[in-house]
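Subject: Structure handover and what turned up in it

Hi there,

Here is the structure I promised to pass on. Have a look at it first, and then read on for my notes.

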Amino acid sequence: MTEHNFDLVILGAGSGGYAAALRASQLGMTVGLIEKSKVGGTCLHVGCIPTKALLHAAEIADAARDSDKFGVRATLEGVDVPAVIQYRESVVSSKHKGLQGLIKARGITTIEGEGRLTSPTTVQVGEHTITGKNVILATGSYPRTLPGLEIGGRVITSEQALQLDYVPKKVAVLGGGVIGVEFASVWRSFGAEVVIIEALPHLVPAEDESISKQFERAYRKRGIEFSLGVKFQGVTQNDQGVVVTLEDGKTIEADLLLVAVGRGPATAGLGFEEVGVEMDRGFVLTDERLRTNIPGVWAVGDIVPGLQLAHRGFQHGIFVAEEIAGLNPVVISDTNIPKVTYSEPEVASVGLSEKKAKEQYGDDAVTTYDYNLAGNGKSHILETAGSIKVIRVVDGPVVGVHMIGARVGELIGEAQLAVNWDAHPEDVAPLLHAHPTQHEALGEAFMALAGKPLHAI
């Protein structure tokens, strides 16, 4: 049995874990990074990166299909799924090799194998005991299902969906959140029929209601069907396909059922509870500074209750490394973390929805401006519809920005700065936005709220 000693031991090398490792190494700590699979975790290998590669391929398919409207004669002969997979995997492989090189260059020790927390300062990996002055739990998440709904055969999760080597004729998607609507977008662009089943009243239900309604109109226009406000009851399958039954008795026939009902914390059987880490339904409970109830043990990323986003994991990892180093980093609330849904159209938001802003500040203390992208030159060129909604406190700061339309995810950087820096629209209005860009639409919304609209009434 071999013992290894580090300033910091990190269990899990996904977004939160490797970000913590990289920042800690910059701050002079020795780091042991434990990973049972591949560094990069869910995001790099079966999440953010491969799905966005698929979405880009889907965008290319749509562009070819619609090229005539731009005066370009092109035809879509079909989708070569094995070639799409090769493209997707080349992106993932390149990013993986780059990350491995970065970790090695920073002098971080990577320990391959499944780790188990055995004390507040030790993680066991096979015959090796890895000891750290501090330990970060960063074990990530897995695709959840519903009670009684077994995954297998034609009932798949997002991870199996990535491995499909064909385009199904018709897919039922259980869950109208980010994962569900992104896969629905890809399959529809590739030519499949799609129906989404969402128990809540709207698609992308975590977004501002006005954005959700616009999103539903856009999906209806694309020919994507959806059932809202009715719960899933059950599914049967055979060699030909699946039959999904809803609680109102309606049935949906499809080739496949994609279960996209969120992700659960990957913490079972890893020794956390035995060591005394406080848990709730599999999640690790922390204070706002990501400390568990055990001194020297921290938790980051998807296992901490809240948004499950790769960039939240990055922020958590950097935060904990700096906290351990005594730098007293700034806490960023989940509300002020940007969110993007990379479907067609895209949805991007940061801060409070109009409803939550009014709950927090009062109806009369909140004002909004909704700028229609029809007034934006670049959006017109891109043939996209949508809007940018900015929410402010009367005579106060911007507290929310909500966007829908092609490529609006690229606008979220400026939006999150305005919200996180408590900027007033009057602070932003004098600043220039290059013309023609979609960024101008943000500028127009800020100008309108500042009382001096240009291309708006």
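I'll start with one histidine and widen out from there. Not counting residues up to four places away in sequence, H96 touches K38, V39, L44 and H45. H96 itself sits in helix α4, which covers residues 81-105. With a relative accessible area of 14%, H96 counts as buried, because the cut-off for that class is under 20%. Please bear in mind throughout that this is a predicted model.

**The chain as a whole**

The chain holds 14 helices and 24 strands. Its radius of gyration is 23 Å, close to the 23 Å that the globule rule gives for 457 residues, so the chain is as compact as a globular protein of that length. If you want a feel for the dimensions, the C-alpha trace spans about 70 × 60 × 45 Å along its principal axes. Of the 457 residues, 51% count as buried. Contacts also reach across the sequence: among those between residues at least 6 apart, 63% join residues at least 24 apart.

**Two nonpolar cores**

The largest nonpolar core has 47 residues, and the members that touch the most others are I10, I136, L137, F272 and V277. Apart from this core lies another one, of 33 residues, which includes V186, A192, V204 and Y219.

F272 is a good residue to click on if you want to look around the 47-residue core. Setting aside its neighbours within four places in sequence, F272 is in contact with L11, L117, L137, T139, T267, V277, M279 and V284. Two of those partners, L137 and V277, are also on the list of residues that touch the most other core members.

**Strand β1 and L8**

L8 belongs to strand β1, residues 2-11. At 0% relative accessibility, L8 is buried. Leaving out residues up to four places away in sequence, L8 touches A20, A24, M29, T30, V31, G32, N134, V135, I136 and I324. One of these, I136, is among the core residues that touch the most other members. For a sense of distance, L8 and G234 are 226 residues apart in sequence, and their C-alpha atoms are 46 Å apart in space.

**How α1 meets α9**

Two of L8's partners, A20 and A24, turn up again in a helix pair. Helix α1 (residues 15-26) packs with helix α9 (residues 310-324) at an angle of about 35°, and the axes are 7 Å apart. The crossing of α1 and α9 is right-handed. On the α1 side, the contact is made by S15, G16, Y18, A19, A20, R23 and A24, and on the α9 side by A310, G313, F314, G317, I318, A321 and E322. Sorted by class, the contact of α1 with α9 has eight nonpolar, four polar and two charged residues.

**E225 at the start of β11**

E225 is in strand β11, which runs over residues 225-228. Its relative accessibility is 46%, so E225 counts as partly exposed. Beyond its neighbours within four places in sequence, E225 is in contact with V194, V195 and I196. The residue E193 is 32 residues away from E225 in sequence and 8.2 Å away in space, C-alpha to C-alpha.

**Backbone points to check**

Most residues other than glycine have a negative phi, and most peptide bonds are trans. With that in mind, here are four places to look at.

- The peptide bond from E344 to P345 is cis, with omega near 5°. P345 is in the loop between β20 (339-341) and β21 (346-351).
- H435 and P436 are joined by a cis peptide bond too, with omega about -5°. P436 is in the loop between α13 (425-428) and α14 (439-449).
- D395 is not a glycine, yet its phi is positive, near 60°. D395 lies in the loop between β23 (387-393) and β24 (398-405), and with a relative accessible area of 69% D395 is exposed.
- D422 also has a positive phi, about 55°, although it is not a glycine. D422 is in the loop between α12 (412-420) and α13.

That is my list for now. Happy to talk any of it through when you have had a look.

Best wishes

Technical notes: Residues are numbered from 1 along each chain as its sequence is written. This is a predicted model: local features need pLDDT of at least 70, side-chain atom pairs count only at pLDDT 80 or more; totals for chains, interfaces and linings use all residues. Side-chain values use heavy atoms; hydrogens and water are left out. Helices (H or I, at least four residues) and strands (E, at least two) are DSSP runs, numbered from the N terminus. Buried means under 20% relative accessible area, exposed over 50%, partly exposed in between (1.4 Å probe, protein chains only). Contact means heavy atoms within 4.5 Å. A nonpolar core is a set of buried Ala, Val, Leu, Ile, Met, Phe, Trp, Tyr and Cys residues joined through side-chain atoms within 4.5 Å. Axes are lines fitted to C-alpha atoms, for helices over the stretch in contact, and angles run from 0 to 180 degrees between N-to-C directions. A crossing is left-handed if the near helix is turned anticlockwise from the far one by less than a right angle, and right-handed if clockwise. Ala, Val, Leu, Ile, Met, Phe, Trp, Tyr, Cys and Pro count as nonpolar, Asp, Glu, Lys and Arg as charged, and the others, Gly among them, as polar. The radius of gyration is taken over C-alpha atoms; the globule rule is 2.2 Å times the number of residues to the power 0.38.
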